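Got the model open in your viewer? Here's a short walk through it, one selection at a time.

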Amino acid sequence: MGSLSSTGIVSASGLTLTGQASVNTLSVTGHATIETLTVTGTTKVGSLGVTEGSNATMGIASLTAGEVTISTTKVTANSRIFLTFQSNTGTIGTLVVHARTANTSFVIRSADSAGAATATTATVAWIIIEPN
């Protein structure tokens, strides 16, 4: 298929778009897998599922002595990495991305006021978002 143009409703089952697509309104009922989605404007999402696992963009990790290294090729020099405690075992501090190596890993640290790792084995959830 070379191109598809419509000013009305297009209904498709098993539609695959490769390359660039411009859509004013996209409604998906059921399951959709999207590798990369760039949105300009307002977006409403009923629910959003992000796959976790090897080389993921989201996950949960347990700190050891206040730190944990997350191995993922999804992290870049510009990644925004959001962190939140899921448990508060031990002395917790402020969650920070202590270090990162693009396309390899990043380090999550529970830091005290001086920046040193705290003595915690807490569980932390993380997600990577890439800016446009």
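Start by selecting R109. This is a predicted model, and in it R109 has a relative accessibility of 14%, under the 20% cut-off, so it counts as buried. Now add E67 to the selection: R109 forms a salt bridge with it, and the closest N and O atoms sit 2.4 Å apart. That's the one salt bridge the structure holds. It ties together distant parts of the chain, since R109 belongs to strand β5 and E67 to strand β2, 42 residues apart. Is E67 buried or exposed? Neither, quite: with a relative accessible area of 25%, E67 is partly exposed.

Next, switch to cartoon and pick out the sheet around this pair. You'll find an open sheet of three strands, in the order β2-β5-β4, with antiparallel pairing. Which strands stand at the edges? They are β2 (67–71) and β4 (94–101); each has a single partner strand, so one side of each has no neighbour in the sheet. Look along the sheet and you can check the twist: neighbouring strands are turned by 20° against each other on average, direction ignored.

Stay with β4 and β5 for a moment. They run antiparallel and are joined by seven bridges. For a concrete example, select L95 and look across to β5, where its bridge partner is S110.

Keep S110 on display and move to T118. S110 is one of the residues in contact with T118, and T118 itself lies in the loop between β5 (105–111) and β6 (123–129). Is this loop residue buried or exposed? T118 has a relative accessible area of 6%, so it's buried. Show what surrounds it: leaving aside neighbours within four places in sequence, the contacts of T118 are A65, G66, T91, I92, G93, S110, A111 and D112. Zoom in on T91 in that list, because its backbone oxygen lies 2.8 Å from a polar atom of the T118 side chain.

Last stop: select F106 and W126. The structure holds one aromatic pair, and this is it: the ring centres of F106 and W126 are 5.4 Å apart and the planes stand at 80°, so the pair is edge-to-face. Like the salt bridge, this one links distant parts of the chain: F106 is in strand β5 and W126 in strand β6, 20 residues apart. Turn on the surface to finish; F106 and W126 are both buried.

Note on methods
Residues are numbered from 1 along each chain as its sequence is written. This is a predicted model: local features need pLDDT of at least 70, side-chain atom pairs count only at pLDDT 80 or more; totals for chains, interfaces and linings use all residues. Side-chain values use heavy atoms; hydrogens and water are left out. Helices (H or I, at least four residues) and strands (E, at least two) are DSSP runs, numbered from the N terminus. Buried means under 20% relative accessible area, exposed over 50%, partly exposed in between (1.4 Å probe, protein chains only). A polar contact is a pair of N or O atoms within 3.5 Å; within protein, one must be able to donate a hydrogen and the other to accept it, and residues adjacent in sequence count only if both atoms are side-chain atoms. Contact means heavy atoms within 4.5 Å. Rings of Phe, Tyr and Trp (its six-membered ring) pair if their centres lie within 6.5 Å; planes under 30 degrees apart count as stacked, over 60 as edge-to-face and the rest as tilted. Two strands pair if DSSP finds at least two bridges between them. Axes are lines fitted to C-alpha atoms, for helices over the stretch in contact, and angles run from 0 to 180 degrees between N-to-C directions. A salt bridge is a side-chain nitrogen of Lys or Arg within 4 Å of a carboxyl oxygen of Asp or Glu.
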